[in-house]
Every structure is written in C-alpha cells, then in structure tokens.
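Open the model in your viewer and keep the selection box at hand. We will go stop by stop, selecting a few pieces at a time.

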Amino acid sequence: MTPAKSPRRKAPVPIDLQDPQYYFNRSLSWLEFNKRVLHEAYDPRTPLLERLKFMAIFSSNLDEFFMVRVAGLKQQVESGVLQGGADGMPPAEQLQAVRQYLLPIVTEQHRYFDQELRALLAKEAIFLTRFNELTPEQQGYLNDYFQAQVFPVLTPLAVDPAHPFPYISSLSLNLAVLIRDPESAQERLARVKVPNRFPRFVVLPQHLHSPQGAHWVGVPLEEIIAHNLSALFPGMEIQAYFAFRITRSADLELETDKADDLLIAIEQEIRKRRFGSVVRLEVQRGIPPLLRQTLMEEMDLEEIDVYELDGLLCLNDLFAFMGLPLPQFKDPEWQPQVPPSFQRVEERESMFDTSSEITTLGTDYWEAVANELFGLIREGDILVHHPYHSFAATVQRFITLAAHDPQVLAIKMTLYRTSGDSPIVSALIKAAENGKQVAVLVELKARFDEENNILWARKLEKVGVHVVYGVPGLKTHTKTVLVVRQEAGQIRRYVHIGTGNYNPKTAGLYEDLGLFSCREELGADLSELFNALTGYSRQREYRQLLVAPVTMRDRTLELIYREIEHARNGQAGRIIAKMNAITDTQVIRALYEASQAGVEIDLIIRGMCCLRPGVPGVSDRIRVISIIGRFLEHSRIFYFGNNGEPEYYIGSADWRSRNLDRRVEAITPIQDPTIQLELKAVLEIMLADNRQAWELQPDGTYRQRQPAPGEPERGTHSVLMARTLKEVEASR
C-alpha cells in the first residue's frame with residue numbers, strides 16, 4: 001500500500017514591516033501624550049492647584065502643537081504633498097484626524113474647568129468669580145481699577161471700509177464687540193485687545209472678600225473690560241461681545257547654508273514670525289454666525305480651524321494660581337539635595353569666610369575648592385540626577401569653579417536653552433574676563449528661545465568669548481562641557497555630558513542626568529567634537545561617544561542587531577530604552593526584528609511613540625510605558641543586555657530622524673559599575689511604577705496603571721525623592 005501523503009504545510013507569509021498598519025501617526029501620538037497630561041488635571045489624587053497647573057500645561061503644549069505641527073501640515077497641503085509618513089496618512093487627512101480627535105478633548109477640558117474645578121476651588125475658599133456675580137461695592141472697586149489702570153492702555157479698533165481689519169497678534173486674547181449706532185441704526189464690528197501687561201486675574205483686596213476669610217477672590221481681566229466697554233465706545237449701544245484668540249504659524253523658514261550671517265538671518269525670521277499665517281481660531285461658544293464668519297474670512301480660515309469653547313479662553317494663564325501662598329493645595333515642596341559625592345566640596349567651601357561678595361574672594365579660595373571638586377572627578381566618574389540632585393551644587397558649581405580656578409586654561413560648552421538671568425552665562429563671562437579661552441556654541445535655532453539666545457550670544461561676544469552658531473543645516477542639541485586644566489605640568493580634560501539644558505530654572509522641573517568624568521577617551525572625543533563645531537572637520541569616528549549625525553544611527557542599529565544575534569543564538573536578548581519620543585522608522589523596524597527574534601524590550605517613552613507594541617508576530621515582546629507626573633521626564637537612558645555584559649548609555653538624543661540625522665547629538669557610554677547599578681535601579685523603579693505609568697495598547701490608546709488592592713502606590717517621582725533623601729542622610 002502506498003502511504004498516505006502528509007498534508008503540505010504552507011510556508012508562513014513573511015510579515016512586511018513597512019506596512020503602515022504597524023506605525024502610529026506622529027501627530028495623533030503626540031495628542032495622546034498631551035491627553036495624558038490633561039488627565040492629571042482630572043485625577044483627584046493630584047493636589048488642587050497642581051490640577052490647574054496641568055490644565056495650563058495642556059493648553060500651552062497645544063499652542064505649540066498648532067504653531068509648529070499643524071502649521072507644517074498646512075504648508076504641506078498647500079504645497080500639494082500627498083504622501084504621508086510610515087503610517088501612510090496624507091497631510092490633509094492628518095489635519096482632519098487632528099480636528100476629530102481634539103475637538104471633544106478641548107470641549108471637555110473647558111467644561112470641566114468651568115463646572116467642576118471652579119466649584120472645587122470655591123469649596124476651598126478660592127473664588128474665580130464672574131463680574132456680574134459681584135456685589136456693587138466689589139464692582140465699583142474693579143470699575144475704578146479699570147479707569148485708573150486699564151483704560152489708558154486700551155486701543156479700540158473699528159472694522160469698516162475706512163478701517164481695515166487690524167493685525168491680531170498670535171496667542172493674544174481679544175474681544176470682538178458688536179456695536180450699534182443709535183442714530184444710523186448701523187451695526188459695527190470692533191476689536192479690543194486684552195492687554196497682557198496686567199495680571200489675567202485681577203485680585204480683590206482682602207476687605208472686599210466675600211465671604212470674609214476667603215483665601216483669594218479674583219475676576220478675569222476681560223470681564224472687567226467687557227463691563228466697561230461703554231467707556232471705549234461712548235454714545236454707542238453695545239450689542240454683544242465675545243472673546244477670541246488666534247494661533248499663528250511660528251516655524252522659522254531658514255536656509256542656513258545660504259545665510260551669510262546666521263545671527264542676522266535668525267533675527268529677520270523672528271520678526272517675520274509675528275506675521276505668520278493663522279492656523280487656529282478659538283472663540284467663545286454662542287458667537288453669532290455672521291461675526292464668526294467675518295473672523296474666519298478676514299484670517300483666511302476654514303471650519304476645520306475654528307474651535308468654539310465654553311467659558312474662559314487661554315487656560316495657559318492658570319499657571320498664575322501656582323503663585324498663591326497655599327502649600328496645602330500643592331505638591332509637597334521638594335528641595336534638591338547635594339549628592340554625597342559633592343558634599344566634600346561644600347565642606348571645603350565652608351572652611352572659608354564666604355560672607356563677602358563672591359567676586360572679592362581670592363585665588364586661594366577658588367583654587368582650594370576647585371582642587372577638591374576636580375579631585376573628586378579624578379577619583380571616578382560621578383552621575384548626578386536632577387531635580388533630585390541640586391543643579392546649583394553640581395553642574396553650576398562645576399562651571400563656576402572652572403571660570404575662577406587659576407589652573408583652568410579653557411572652557412568649551414554648548415548652550416541650547418538657558419534661563420533669562422543665567423548664572424551659567426555669567427560664569428562664562430567671568431572666565432573670559434579672567435583670561436581663559438572660552439568657546440561657546442549658542443544654538444540660535446532653539447525653538448521659541450531664539451531671541452533669548454541671541455541676547456546671550458551678543459553679551460558673550462562683547463567680553464571676548466568665542467561664540468559660534470553651529471553647523472550649517474544642523475541644530476546643535478548636545479549638552480556638553482569641556483574644561484581643560486593644567487595640573488602638575490600636564491594637561492587634563494574634565495567633561496560634563498548631560499541629557500538636559502544648562503538651565504537652572506528648568507533643572508528644578510525637568511528630570512535629567514549628567515555625567516562628570518575625566519576619562520581620557522571622553523575628553524579627546526569632546527575636543528574633536530568641539531573642533532568640528534567651531535572649525536572645519538569631517539570627523540567620522542569617535543572613541544567612545546555616539547555622535548549624530550556621524551556615528552549614532554549606525555551604532556544604535558548595531559547595538560540592537562547585536563541583541564538579535566544573542567537571541568538567535570539561544571542567549572538572552574534584552575533592551576530597555578528611555579526617551580522623550582521614538583519615531584524613526586528604521587530604528588522601529590530594527591526593534592520589530594528584535595522582538596521577532598526573541599529579544600525582550602521595554603521602552604519608557606514620555607511623548608510620541610510611533611511603534612505599535614503587542615502585535616502578534618511583530619512586536620509581542622515589546623512593552624511601552626509613559627510616565628507623567630510632577631517632573632517632566634527628559635533624560636535618555638539606553639540599556640543593552642549584551643548576554644550578561646550589559647552596556648549603558650545616556651545622552652541628549654531620542655530615536656527620531658531629526659536627532660539621528662539633522663542634529664548634533666552626543667551619547668556617552670557609562671562604564672563605572674556603581675553608576676551602571678544606579679541607572680539599573682532608576683529603570684527598575686520606572687518599570688515598576690503603578691501610579692504615574694501609562695501602558696501603550698496595540699490600538700494606540702494608553703491605560704493608566706493602578707495599584708492592586710492592598711498594593712502600595714509606587715510613583716516614580718515620589719520613590720526617587722525618598723530614595724535620594726535616604727541616600728543623602730546615610731552619607732552624613
């Protein structure tokens with residue numbers, strides 16, 4: 001008998017990893033991130049005034065999204081671009097999808113603030129009151145305030161054949177006023193800008209508080225103006241008024257390779273930004289259709305661009321409530337700690353009499369304290385973790401001591417964003433005045449910080465600092481400092497490589513890491529990187545640093561494919577990566593291949609994530625979480641298991657095409673075993689988070705983790721604060 005033939009098995013159909021279904025749209029992914037931010041305002045576990053803060057952050061984030069992302073999509077549509085990104089969605093469809101996704105969210109945001117948060121504030125004796133709810137005495141006080149302070153500043157602008165539609169500045173709050181002339185019975189339109197020179201919320205004095213003992217009673221400025229419009233239009237009948245606000249495109253259109261003087265070119269583009277095309281109109285709900293249509297026509301807008309909202313516009317201004325002296329309604333105050341490794345420097349400083357002005361301290365003081373600090377770094381690499389560790393006591397001190405230390409010969413540094421009263425810049429100026437060679441790369445194209453950076457660049461140039469503005473066609477985003485010091489007849493280089501900006505103010509709000517080292521390889525790499533930034537160079541290799549756009553993309557892919565090889569050889573493959581965003585298609589495909597090969601992958605991505613996790617046969621072994629809380633997660637940490645010989649990296653770059661290809665970035669390996677263990681602990685704390693962590697689902701939505709019954713709450717930020725305090729106490 002002939003044996004029966006076994007059924008033929010069909011070969012598995014190979015999965016096309018370029019299929020758009022495996023990629024989320026960037027714009028919609030970003031909106032999902034901002035929705036998670038807004039959720040903190042809804043969460044009753046968030047202290048009351050912090051909830052207002054998150055409302056403001058959501059609105060501020062959204063402004064930038066329209067100024068940049070929506071503006072860019074509109075430009076693509078106008079240019080006839082039909083092709084989308086890896087997700088396949090064309091620009092015109094993205095604009096429709098943004099509107100469809102966003103409208104119910106902002107509608108609910110305004111409803112929730114107006115109907116729920118205002119009531120919660122009132123329960124705690126914080127009253128944001130409407131003008132018509134005030135007593136006559138309170139109204140009289142505000143009318144007097146209007147006449148004395150506000151009225152002289154206002155300029156009502158008529159709109160008619162003799163008065164063309166006025167220029168409206170981006171993000172300004174305005175009143176559209178319908179006026180009737182009683183003599184001609186003609187209706188007119190006028191615009192009144194709500195001046196931003198005054199507080200948005202005008203506070204009533206204590207003796208006018210009702211009820212007595214209230215913490216705070218305030219009224220929106222636009223309501224005070226609205227109830228005094230007759231003073232602006234005497235003899236006219238005020239028919240109606242509605243608040244409105246516009247958003248203009250703010251992206252700089254700059255061809256840096258054609259600019260003879262980059263600083264002048266940036267200044268010119270900043271001036272043009274004021275007149276960018278309008279991309280969004282926000283109006284109070286109930287505005288008459290004719291008035292609405294007039295605003296749309298005058299600003300060349302379509303229905304998709306208009307958002308009718310209840311109650312207050314410009315909820316960004318809710319940030320003001322964080323200034324109230326009511327700590328019981330805020331997160332417990334956090335004081336960044338001096339890490340144990342830097343306590344010796346503080347002790348050395350305390351040995352001197354520092355009661356006089358710092359500029360009068362002699363060279364003995366600076367040299368002794370600097371010797372202590374640089375000696376610490378010579379003993380071994382040091383990791384600092386902000387805002388748990390003090391920025392002022394670590395990074396700021398490092399740069400300040402370098403500026404005054406007579407043994408320091410040169411300081412080289414990149415400045416992407418810094419504060420308006422930057423002690424970092426002051427230290428660099430002092431270094432130049434002390435005769436040191438100082439070279440600073442000031443990134444003029446740091447979005448929305450261009451004007452601030454131009455001011456600092458000019459100030460630095462005036463004292464003899466060598467200021468450069470980067471490489472044509474690239475934005476310099478790396479966070480690095482190189483200090484060259486003469487010690488016992490030899491030259492030694494000290495470096496700081498970080499994940500965040502050299503900004504003392506944001507260092508208290510952003511979570512970032514920084515490495516201090518005097519490893520010769522890192523010093524040599526940074527020397528060559530700065531030479532490439534300040535001079536002419538085609539440097540193609542670095543000893544240890546991963547530098548974009550030169551080596552970072554290839555090296556990142558090599559590290560991923562090495563894990564794939566380990567997994568294919570039956571060994572453990574493991575990747576953990578923490579970033580702000582992951583959108584680069586090539587890196588995402590490599591991660592999909594790693595998952596298919598058996599590599600276990602955890603991604604901690606605060607914002608945009610175009611990778612779709614948990615898809616059978618594609619990304620089953622990839623898990624993605626996002627951590628949202630009181631600090632902005634800004635550090636980048638990369639862990640590769642390497643079959644039991646793990647490698648750790650930190651730096652300034654996300655896995656986005658712009659970071660890998662169009663920016664100057666630097667990522668450093670972490671070699672010290674103690675620091676590796678510290679990074680491992682930080683990653684484990686984040687992966688175990690059951691309070692601030694959100695899990696990305698295969699459909700693109702996020703689900704917030706909740707503690708199981710009886711399980712203690714493990715929020716990343718509270719755990720790390722407690723851990724830092726324990727570490728510092730143990731070292732004393």
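Start with a pair of helices. The crossing of α9 and α11 is left-handed. To see it, select residues 340–350 for α9 and 392–404 for α11. Bear in mind that this is a predicted model. The two axes come within 11 Å and cross at roughly 55°. That angle makes α9 oblique to α11. Now show side chains at the contact. From α9, pick Phe342, Val345, Glu346 and Glu349. They meet Ala393, Thr394, Arg397 and Leu401 of α11.

Keep α11 on screen and add α12, residues 423–433. Here the axes come within 8 Å and cross at roughly 15°. α11 and α12 are therefore roughly parallel to each other. This crossing, too, is left-handed. On the α11 side, the contact uses Gln396, Ile399, Thr400, Ala403 and His404. On the α12 side, select Pro423, Ile424, Ala427, Leu428, Lys430 and Ala431.

**Next stop: a strand and its two partners**

Select strand β15, residues 479–487. Is this strand mostly covered or mostly uncovered? It is mostly covered, with eight of its nine residues buried. Add β11, residues 408–415. β11 and β15 run antiparallel and are joined by five bridges. For a landmark, find Val408, which stands opposite Arg485 in β15.

Now add β16, residues 490–498. Its pairing with β15 is antiparallel as well, over nine bridges. Leu482 faces its opposite number, Val495, in β16. Follow the chain from β15 into β16: the two form a hairpin with two residues between them. Stop at Ala488 in the turn, where phi is positive, about 50°.

**Next stop: a three-stranded sheet**

Which order do the strands take in this open sheet? Read across it as β1-β6-β5, with mixed pairing. Select 126–128 for β1 and 201–203 for β5; these stand at the edges. Each has a single partner strand, so one side of each is left without a neighbour in the sheet. From one strand to the next, the twist averages 25°.

Zoom in on β1 and β6, the latter at residues 216–220. They run parallel and are joined by three bridges. Phe127 stands opposite Val217 in β6. Then bring in helix α3, residues 91–123. α3 lies across β1 and β6, at about 145° to β1.

**Next stop: a loop residue**

Go to Asn228, in the loop between α5 (221–226) and α6 (229–232). Is Asn228 buried or exposed? Its relative accessible area is 8%. The cut-off for buried is under 20%, so Asn228 counts as buried. Leaving aside residues up to four places away in sequence, Asn228 touches Asn143 and Phe146.

**Last stop: the nonpolar cores**

The largest nonpolar core holds 121 residues. Select Ile225, Phe321, Ile582, Leu591 and Leu603, which touch the most other members. Then colour helix α2, residues 48–78. α2 supplies the largest share of this core, 13 residues.

Centre on Leu591 and show what surrounds it. Beyond residues up to four places away in sequence, Leu591 touches Ile560, Ile575, Ile582, Ile601, Leu603, Leu611, Ile622 and Trp655.

Apart from this core lies another, of 48 residues. Its members include Ala427, Trp456, Val465 and Val467. You have met Ala427 already, on the α12 side of the contact with α11.

Definitions and conventions: Residues numbered from 1 in each chain as written. Predicted model: local features only at pLDDT ≥ 70, side-chain atom pairs only at ≥ 80, totals over all residues. Heavy atoms only, no water. Core = buried A, V, L, I, M, F, W, Y, C linked by side-chain atoms within 4.5 Å. Buried < 20%, exposed > 50% of the residue type's maximum accessible area, 1.4 Å probe, protein only. Helix = DSSP H or I, 4+ residues; strand = E, 2+ residues; numbered from the N terminus. Contact = heavy atoms within 4.5 Å. Pairing = 2+ DSSP bridges. Axes fitted to C-alpha atoms, helices over the stretch in contact; angles between N-to-C directions. Parallel < 35°, antiparallel > 145°, perpendicular 65-115°, else oblique. Left-handed = near helix turned anticlockwise from the far one by under 90°.
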